[in-house]
Each structure stands twice: as structure tokens, then as C-alpha cells.
Amino acid sequence: MVQLRWGTPEKLRALLCELVSWESRTLTEGEITFPYKVQEKLGDLDFFKKNPANLSLHEVDMGRHFVHAFYKHPEADETIVLISHFDTVQTEEYGDLEMLAFQPEQLTKKLLDRKDDLPEEARIDLESGNYLFGRGTMDMKMGLALHMALIEKASIEKWPVNLLLLTVPDEEVNSAGMRAAVKELVALRDKYRLSYKMFLNSEPSFSQKPGDESHYIYSGTMGKIMPAALFYGKETHVGEPLKGMTANYMASFLTQLMEWNTSFLESDFSEKTPLPVSLQQKDLKLQYSTQTPYRAAALYNVFIMKRSAGEIMDIFEKVAEEAAIRCNESYKALCIRERIEGVGEVQVLRYEKLLSYAVGKFGANLVEQIKGEVQANGDWDEREKSLRIVEKLMIQCQELAPAIVLLFAPPYYPAVNTSSDPLVIESVKLLKETAQLFNEEISQVHYFNGLCDLSYVQYKDESDGWTAFEKNTPVWGDSYSIPFADMLKLQAPVLNVGPFGKDAHQRTERLHIDSAFIHTPLMLEKLIKSMIKVKDAH
């Protein structure tokens, strides 16, 4: 009988610790080298030694790749896609223990010497011996380890189904890895005439509130979109303040209305989206001077369940128009009090209108040159580039000022939900029954609240609402894009089944040992076998 490399809790734990030790923080060299190590690791399995073409790397960007490992049964067309990401967030919060952030066994032992420095809940968990600490243990290298173990077991036992493992970079920032993988998913489906049965992610179970000890499985994922605004006022010297209008003054009216605005609230299956908040607000001066700041920008986070980008932009525009009315009323009162004419009324326009105006004024070549100059700045990310493109166009079109220009800044995560799918209903019931075998209760959440790469499959948009995103995202088609057309071709139910853990993105990030190495492996195996009607001995 063939021995499984990752078939016991101890071996699975060792695999996880090895994966974590290959540090892969987003936008570091480790993120570039990680997929090569995974490819080498999976390449040792007999199946991939015999079928090397089924294990490959695919380019994403900036030297980064995603891994595609395809267990293909000769008589199967039904395919379950196993999705994970291997990048992690940064580690500065570990302080002098940062060197141990990627060594879970050592870090967990070391923390025992400093347990009094931990928050009470983390200290109790540490002393219980039930948790393994470290960056990426929970979010989400355990998910990748679980999928590697499934691929191994399926290939040895010759399960009559296809399993496609996809592990991608960049989930923590822009999801460039998953957006690139969508094209490959469509190409594989067409090449092998596959039928995608389920997109199965294994992101960890996230708490719904502080102190929450419940284990969840998810039949969808919440979406996220980032409306943004460029405020362009009128510059002046601080000694003559009434000759201008600061962009900060204008921004204050919109941010007041955007923070916690219930117009953006959605609910579904008795679950609600978090209210919007501002993620960034700043003026765009590059250095200090006594010239007043006449360009400023703000980014707002909006969660979505059913609304399209087009619907969000419509709501955003209404809020911005109300903000402009309040700003203009306040400014008019100031002008009356100070007996001045003022610099004019603030208007609201979408980026697509500004772009059309600029092209009409200067021609498409100059506009493309302006965008190209911004794109060439390697120090700016997609959000900064989006704002700077609008800024530079407004500098050339100052006759439109004072103005609030509305746009979208990356990333955009569409919401996905398949709670009503018969296969999902059946799967959730099975998973709950399986959890009872180890006296654990699992609850279903309809929208994963941690954001994940399932947003880029099972996409539905009957009204072409994405076109509002394309038209109002300044970096669209240059440094950021979403394969909406291909996403529409990937219509299979989604499910997220992962281990229980706590404190993702914190120095107390930790993974529940029994959940990770005993309970979740059994649940995933039973889930896949139920879909292919294979009897198992458990």
C-alpha cells in the first residue's frame, strides 16, 4: 500500500510549517519564489511524475506566477476547482519576534515566555495548547496544505473526479493572481471539455464579532468596491484665503456624507453589509508651501451583496451631488458675509465625462500621453495612479473647477452567492453532520466577510453593470482589468470550507490545531466523495 506523504495530522502539520517557512509576503521576493517551491513539492507525487504537463506555473505579473496542478481521471469530466492564495500580509507588528513569524513551532513556544504581553483571549488560547501561531498559518497556507493533501490522496486512490488545484499570489492586495487564473480556467475547460462542478475555497473561518468561537462555512463571498473622488478647488496664498477654495474644504462635505451612509447598506439571508467608511483622505501636494491645497482625494470602502458597479456609482453620484449642494450653500453664505464674488459653484462629474471633455479639448494622443506618464511611475500603486490621472487631466481642464470628480479605484471584488444551489444545500447539510462526529457545531454564513478570490468566478450581471466600472476606472486596461466576460463562463456553485482560526493580519494570528489537521481534512474528503458518490470507510 502506498504511504501518503501528508495523510496524517502530524505530516499535514509538518507540511503547513514548511509552507509557512517559505515566507511570501505580498510584493516581496518570497512571493515570486514560492510557487516554484510548491511546484517542486507537488512534482514529487507519482501522478505528476507520470503527467508532468498537468503541473505548471502561469505568469501573472512582476515575476509572479500561479500554480496549476491538475489531477485528471481518464473517465471523468466533472471537475472540482480547489482555490487558495499563498501571499501573506507583512510582519512588522511582531517586533523583535519578526524573525520567528514564519516559524510556527518556534514562535508558539517563544510566546509562552511572553504570554503576559498578549491580549487575554490570545493568552488563554496559547496556554491551552490548542493553537499554532504564525503569519500565514490561518490566512491561508493551511488551505493550500489541505488541497495538496486532497490532490495526493485522490491521485493515489484514483477518485473518479478531476481536481484542479489553483494557488495564486496577490490576494491580499489586488487579486492579480486570481484575475489571471480565470483565463486559464476557461482555457482548460474548453481544452478538456470539463464540467466545473464546484469552486471550493478553503479560506479560514472568520469570527463574526470579537470573542466569537463559532466555526463557519460560507456559501458565498461579500463583494467590495472603492468609489473615490478627486476634489479640485482654486489655489491661492494663505495670506489671501478668500481668493481660492481649498480641496480639503470640499472633501469634508463628501466624507461626512459617505461615512456610515445607510444608502449603501444591503441585506440578504438576514445578513448585512458593513457600512461604508473612508479608507484614505489626503491633499495631493507633494511638498509643504504656503499655497493652499487645491487638489485632494478620498477613497471610500463599500461592501456589496447584489448591487453592480453601475448601481454603486449611481448612489455615489447622488451622495456627491448632495455634498456639493451643502458645500455650495456654505460657501455662498461665506461669500455674502465677506462680500466677495467667490470662485464659483462646485460641480460633480464622473471620470468618464472628464475623460471625454479632455479628449475633445486636446485629442486622444495627449490624453494617452498623460496617462502613460502616470503609469510609468513605479512608486505609485493602482490607487495612487488612478487619482493622479484624474489630477493631471483636471490641471489641463481647470475651467471645470471647482469640481468633484467621481471615479473607481482598484480593487473591485464582485459579490457571489450560491446558497440556493441544490448542491450547496446538500453539501452544507453533509458538512454539519460530519462536524457532529467530533462534537463540533458548524454554522452557515451566506457571505464570507473576509473577501476572497471566489469573487472572480460564478459572476452574474444581467444589466452590464460592470461597464460603469470600466468607464470610470482611470487605470482600466493599462495596469488593472477584470476578465468579466470570462468570469461569466465560469458558472458553478461556490463554497468556502476552511479551518478555524483567529486574528488574521494580527501578530496573534493563530490556527486551531484539531480543526486544521483532523476535522477539516475529514470534512473536505467527505464533501468531495459525496459529490462523486464514492463510499468511504470513515
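Where is P402 found? P402 sits in the loop that runs between α12 (382-396) and β16 (403-408). What makes the spot worth a look is the link from A401 to P402, a cis peptide bond with omega near -5°. Bear in mind throughout that this is a predicted model.

**The whole chain**

Let's step back for the overview. The protein's secondary structure adds up to 16 helices and 21 strands. Its radius of gyration is 26 Å, close to the 24 Å that the globule rule gives for 538 residues, so the protein is as compact as a globular protein of that length. The C-alpha trace spans about 90 × 55 × 45 Å along its principal axes.

Of the 538 residues, 57% count as buried. Take the contacts between residues at least 6 apart in sequence: 78% of them join residues at least 24 apart. As for the surface, the protein exposes about 22700 Å², with carbon and sulfur atoms supplying 49% of that. There are 60 positive and 79 negative side chains, and the centres of these two sets lie 1 Å apart.

**Two helices, α6 and α7**

Start with α6, residues 137-157. At 1.5 Å a residue its 21 residues should span 30 Å, and the end C-alpha atoms are 28 Å apart, which agrees. How many of the 21 residues of α6 are buried? The count is 19, so α6 is mostly covered, buried here meaning under 20% relative accessible area. This helix also holds M140, and the peptide bond that leads into M140 from D139 is cis, with omega near -15°. Just after α6 comes K158, with a positive phi near 55°.

Next up is α7, residues 176-192, with 17 residues. From its first C-alpha to its last it reaches 25 Å, close to the 24 Å expected at 1.5 Å a residue. Its buried residues are A176, G177, M178, R179, A181, V182, E184, L185, V186 and L188. What do the buried residues of α7 pack against? Their partners are the strands β1 (55-61), β2 (64-71), β3 (78-85), β5 (162-168) and β6 (195-201), along with helix α15 (484-487). After α7 the chain goes on to R193, where phi is positive, near 55°.

**Positive phi in the loops**

Two loop residues also have positive phi values without being glycine. One is L27, with phi near 65°, in the loop between α1 (9-21) and α2 (29-43). The other is Q458, at about 55°, in the loop between β18 (442-445) and α14 (466-471).

Is L27 buried or exposed? At 57% relative accessibility, L27 counts as exposed, because the cut-off for that is over 50%. Q458, by contrast, is buried, with a relative accessible area of 10%.

Here are the positive phi values together:

| Residue | Phi |
|---|---|
| L27 | near 65° |
| K158 | near 55° |
| R193 | near 55° |
| Q458 | about 55° |

**Two buried aromatics in loops**

Y94 lies in the loop between β3 and α4 (104-112). At 7% relative accessibility, Y94 counts as buried. Which residues is Y94 in contact with, leaving aside its neighbours within four places in sequence? They are A101, L107, G134, R135, Q506, R507 and E509. One of these partners, R135, is 41 residues away along the chain, yet its C-alpha is separated from that of Y94 by 9.5 Å.

F500 is found in the loop between β19 (494-496) and β20 (501-502). Its relative accessibility is 6%, so F500 counts as buried. Not counting residues up to four places away in sequence, F500 touches Y131, S205, D212, E213, S214, H215, L511, H512 and S515.

How far apart in space are F500 and C397? Their C-alpha atoms are 53 Å apart, and the two residues are 103 apart in sequence.

Conventions. Residues are numbered from 1 along each chain as its sequence is written. This is a predicted model: local features need pLDDT of at least 70, side-chain atom pairs count only at pLDDT 80 or more; totals for chains, interfaces and linings use all residues. Side-chain values use heavy atoms; hydrogens and water are left out. Helices (H or I, at least four residues) and strands (E, at least two) are DSSP runs, numbered from the N terminus. The radius of gyration is taken over C-alpha atoms; the globule rule is 2.2 Å times the number of residues to the power 0.38. Buried means under 20% relative accessible area, exposed over 50%, partly exposed in between (1.4 Å probe, protein chains only). Contact means heavy atoms within 4.5 Å. Accessible areas come from the Shrake-Rupley method with a 1.4 Å probe; for residues, only the protein chains shown count as cover. Lys and Arg count as positive and Asp and Glu as negative; His and the chain ends are not counted. The place of a charge is taken as NZ of Lys, CZ of Arg, CG of Asp or CD of Glu. The expected span of a helix is 1.5 Å times one less than its number of residues.
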